[in-house]
Amino acid sequence: MHTSDYFSREDLASLMKATGGPRASVYLPTHRKGMDTRQDPIRLKNLLAEAENSLAQRIRRTEAIDMLEDARALIEQDGYWSYQSDGLAVFVEEGGTRVWRVPTTFEETCVVADAFHLKPLLPLLASDGLFYVLALSENDVRLLQGTRHSVNELLLPDVPSAMEELLATDGEGAALNFHTGAGAGTATGRAAVFHGHGGMDKAAEKDLRLKFFRQVDKALRDFFRDHPAPLVLAGVESHFAQYREANSFDGLVQEGIPGSPDRTSADDLHSSAWKIVEPIFQQSATEARAAFEQFAGTGRTTTDVAEATKLAMEGRAQIAFVAVGVQAWGSWDEPMHQARLHEFQHADDRDLLNEIAIRTLATGGSVFVVPPAEVPGGGLAAVVSRY
């Protein structure tokens with residue numbers, strides 16, 4: 001069984017490729033602490049029972065039970081439920097189960113179809129869903145993944161934890177003296193505390209810090225290539241310009257969170273960062289809605305789900321709004337190159353809203369997953385085509 005604490009475009013692409021045969025997609029809200037954590041495994045148990053009944057309409061019940069065995073094993077793992085994020089996504093197919101704990105909440109959902117149901121995860125990849133905070137000092141490096149309502153600290157083992165590591169690697173340990181302590185107030189419980197500069201002058205110290213920042217940037221480069229989203233820097237303000245000199249990620253926003261982040265909680269960093277990124281997200285959504293209004297009546301927009309699916313499947317969807325919490329069941333007829341909508345789910349149907357969103361993302365378009373009332377044009381989907 002595969003488990004992970006962050007969801008990437010690479011993960012999306014892998015799940016998109018899984019077709020042919022019944023698959024179960026299960027989503028549930030989870031809780032980080034409190035009495036509600038005891039209800040989370042019960043919710044999963046109920047959803048898996050629903051998945052079993054749906055699978056049993058397509059395959060033998062004994063086969064359905066076998067498929068769900070790994071997912072059901074999670075229910076009895078008490079330690080697993082003690083370390084949750086805000087949502088749990090479980091994908092079951094013959095031969096394997098994949099699970100993600102992510103910082104976004106879900107409605108309880110169980111979908112059994114020939115392809116995985118991915119739309120509830122798309123806010124983590126869409127144009128208004130996700131941001132990061134890099135809490136950076138000479139003593140500690142933390143990367144936080146945030147949404148509007150929550151924050152997670154990511155464990156990235158290739159990122160240097162402090163300038164101490166660079167000194168040890170370069171054999172320059174005599175230049176700066178430090179000790180390691182318990183790191184109270186940090187999320188990692190780790191702190192390297194500088195207490196003297198030895199014979200290093202300010203110019204040499206600045207050069208060393210730039211080298212350290214470049215190592216941090218190098219370690220994060222591959223991660224951000226797969227996780228494009230706004231990045232907010234938290235740190236001593238005098239270090240901002242130097243980190244920007246080392247930075248290679250286009251998503252680093254101009255405004256940062258000044259002050260030492262070493263003893264600042266993840267929640268406080270999240271609150272400060274959201275004030276910075278919220279206007280960015282609002283501008284993105286406002287510009288997308290303005291584009292829909294601008295091109296309305298020109299043949300470049302549609303609110304028809306079947307037509308929107310066609311545009312997405314052809315790679316022509318530039319902007320897509322899709323409704324969350326509802327499904328539009330149908331199928332894609334490849335020979336005829338058209339979508340067919342059904343009032344009720346047929347055996348080989350997929351949620352076409354899900355198809356619109358993931359195909360638009362896969363071809364470089366912008367996706368906004370919103371409540372039904374916020375979809376432009378009053379339908380379940382609204383798409384602006386590239387031409």
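Histidine 337 sits in the loop between strand 15 and strand 16 of this predicted model. Its phi is near 55°, a positive value in a residue other than glycine. That is worth a remark, since most residues other than glycine have a negative phi. As for its surroundings, histidine 337 counts as partly exposed because its relative accessible area is 27%, which falls between the 20% and 50% cut-offs.

The strands on either side of this loop belong to an open sheet of 3 strands, ordered 16-15-17 and paired in the antiparallel sense. Strand 16 (338-341) and strand 17 (350-351) form the edges, each pairing on one side only. Helix 10 (residues 305-313) packs on the sheet, where it touches strand 15 and strand 16. The direction of helix 10 makes about 145° with that of strand 16. Between strand 15 (residues 329-333) and strand 17 there are 2 bridges, and tryptophan 329 has aspartate 351 of strand 17 as its bridge partner.

A parallel pairing turns up elsewhere. Strand 14 (residues 317-323) and strand 18 run in the parallel sense, joined over 5 bridges. Here valine 322 stands opposite valine 369 of strand 18. Strand 18 (residues 366-370) is mostly covered, with 4 of its 5 residues buried.

Stepping back, the protein holds 11 helices and 19 strands. Of its 387 residues, 52% count as buried. Taking contacts between residues at least 6 apart in sequence, 67% join residues at least 24 apart.

Aspartate 114, in strand 5 (residues 109-115), gives a local look at such contacts. Beyond its neighbours within four places in sequence, aspartate 114 is in contact with a run of residues from Ala18 and Thr19 through Gly20, Gly21 and Pro22 to Arg23, plus Arg58, Ala347, Asp348 and Asp349. Glutamate 93 is 21 residues away from aspartate 114 in sequence, and their C-alpha atoms are 9.6 Å apart in space.

What about the nonpolar interior? In soluble globular proteins, nonpolar side chains tend to be buried together. The largest nonpolar core in this model has 63 residues, and Leu134, Leu143 and Ile356 have the most contacts inside it. Helix 7 (residues 202-226) supplies the largest share of this core, 8 residues. Another core lies apart from it, with 23 residues, among them Leu47, Leu48, Leu68 and Leu88. Back in the largest core, leucine 143 is one of the residues with the most contacts. Setting aside residues up to four places away in sequence, leucine 143 touches, among others, Tyr132, Val133, Leu134, Leu154, Leu156, Leu220, Phe223, Phe224 and Leu231, and its partners also include Asn152 and Glu153.

Helix 9 rounds off the picture. Spanning residues 266-295, helix 9 has 30 residues and reaches 42 Å from its first C-alpha to its last, close to the 44 Å expected at 1.5 Å a residue. Even so, helix 9 has a kink of about 35° at lysine 275, shortly before proline 279. Its buried residues are Leu269, His270, Ala273, Trp274, Ile276, Val277, Phe281, Ala285, Ala288, Ala291 and Phe292. An α-helix has 3.6 residues a turn, so residues three or four places apart point the same way. Such spacing can be followed in the buried set of helix 9, for instance in Ala285, Ala288, Ala291 and Phe292. After helix 9 comes glycine 297, with a positive phi near 85°.

Note on methods. Residues are numbered from 1 along each chain as its sequence is written. This is a predicted model: local features need pLDDT of at least 70, side-chain atom pairs count only at pLDDT 80 or more; totals for chains, interfaces and linings use all residues. Side-chain values use heavy atoms; hydrogens and water are left out. The expected span of a helix is 1.5 Å times one less than its number of residues. The bend at a residue is the angle between axes fitted to the seven residues ending there and the seven starting there. Buried means under 20% relative accessible area, exposed over 50%, partly exposed in between (1.4 Å probe, protein chains only). Two strands pair if DSSP finds at least two bridges between them. Contact means heavy atoms within 4.5 Å. Axes are lines fitted to C-alpha atoms, for helices over the stretch in contact, and angles run from 0 to 180 degrees between N-to-C directions. A nonpolar core is a set of buried Ala, Val, Leu, Ile, Met, Phe, Trp, Tyr and Cys residues joined through side-chain atoms within 4.5 Å.
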